[in-house]
Amino acid sequence: AAAPAPAAPPAAAAPAATVAIDAGFKEGMPYATLRKQLIDAGWLPLRDPECWKNAGPGATVCGLLPEVESCSGDGYCNMYFANAEAGKRIEIGTYGPYERWNEPGQESALAVKSWQVSALDAQAAPACPSQDFDAFLKAFAANEQTERAFTAPVVKVAELGGGEDGTDTVMVYEARRSYDGFNVVYAGDAFHYVDSDGAKDKSPLKLDVQSQGDDVRQVRYQYGMSEGNSYTFRRADGCWFLTQDPEPPSP
């Protein structure tokens, strides 16, 4: 029998008649205006975990604007947004004091210098481990390469510590290559919790799997008194993919 065809990562093509998101962008426009247009159209910041390293000690921009990749000492910043449904990302260059990006009457202080829309990084996945979700989840959690292959190009993540006060929960995307929030492993015929240092708890971990229609599964666990998390998997293009980590980490 012929081997099953490789699965492709989920991506819904944008309607052909859709106007390009950057059709109204202009060099010199306030970054706040461009940012609002993107968010209103369903785009989210694409978090770069290296932002704090790139921006330097004491920089607040990574929490204030989670889309920032880096800022130079002379006022230039690079930002990224993504739209999973359209399979696109956009890189934006700005100039000016980011601290004033949204101050009433001073929004033009942080101005747009450049932008470029491109496709999200995609890779062909291997053959789907199983159409049955329970069997798929065991295979997904048992092997790091399988987990990576069946994680969507960007994962929607709830992130603590955002906003102007640094206390808000904000939704961002994390690229597949940097996402490390799935802390469950399947070994010895059971699921187990894995802590931030990579240590596996020997006790079995109970997972609560809820169906949200034929093609969506919500996986949730509670660990100890306070730890817990949930994940959303969607079936697309012949297999299941991890697409969301929709709850902020437990304190």
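For sorting pocket residues here, Ala, Val, Leu, Ile, Met, Phe, Trp, Tyr, Cys and Pro are nonpolar, Asp, Glu, Lys and Arg are charged, and everything else, Gly included, is polar. Keep in mind that this is a predicted model.

**The pocket**

With those classes in hand, the lining of the largest pocket splits into 14 nonpolar, nine polar and ten charged residues. That lining has 33 residues, with D180, G181, F182, N183 and V194 nearest the pocket centre. Two or more residues each come from α4 (133-142), α5 (144-149), β6 (151-162), β8 (184-187) and β12 (227-236). Strand β6 gives the largest share, four residues. As for volume, the largest pocket holds about 760 Å³ of space.

**The cores**

F182 turns up again in the largest nonpolar core, a set of 27 residues where F136, L137, F150, F182, F191, L207 and F233 have the most contacts inside the core. At least two residues apiece come from α4, β6, β8, β9 (190-193), β11 (216-223), β12 and β13 (239-245). The largest share of this core belongs to α4, with five residues. There is also another core, apart from this one, with 23 residues, including L34, L38, W43 and Y98.

What does F136 touch, leaving out residues up to four places away in sequence? The list is P129, S130, F150, F233, C239 and W240. Of these, F150 and F233 are also on the list of residues with the most contacts inside the largest core.

**Salt bridges**

Side chains of opposite charge can pair when their charged atoms come close. The model has eight salt bridges, and the table gives three of them.

| Pair | N to O distance |
|---|---|
| E27 and K113 | 3.9 Å |
| E50 and K53 | 4.0 Å |
| R177 and D121 | 3.5 Å |

Take E27 and K113: E27 sits in the segment before α1 (31-40) and K113 in strand β5 (residues 111-119), so their bridge ties together parts 86 residues apart in sequence. E27 is exposed, at 57% relative accessible area, while K113 is partly exposed at 39%.

R177 and D121 do a similar job. R177 is in the loop between β7 (168-175) and β8, and D121 is in the loop between β5 and α4, so this pair ties together parts 56 residues apart in sequence. R177 counts as exposed at 64% relative accessibility, and D121 as partly exposed at 48%.

As for E50 and K53, E50 is partly exposed, with a relative accessible area of 40%, and K53 is exposed, at 66%.

Notes:
Residues numbered from 1 in each chain as written. Predicted model: local features only at pLDDT ≥ 70, side-chain atom pairs only at ≥ 80, totals over all residues. Heavy atoms only, no water. 1 Å grid on protein atoms, 1.4 Å probe; cavity = no way out; pocket = protein on both sides within 12 Å on 5 of 7 lines; lining within 4 Å. Points joined across faces, edges and corners; volume = space filled by probe spheres on them. Core = buried A, V, L, I, M, F, W, Y, C linked by side-chain atoms within 4.5 Å. Buried < 20%, exposed > 50% of the residue type's maximum accessible area, 1.4 Å probe, protein only. Contact = heavy atoms within 4.5 Å. Salt bridge = Lys/Arg side-chain N within 4 Å of Asp/Glu carboxyl O.
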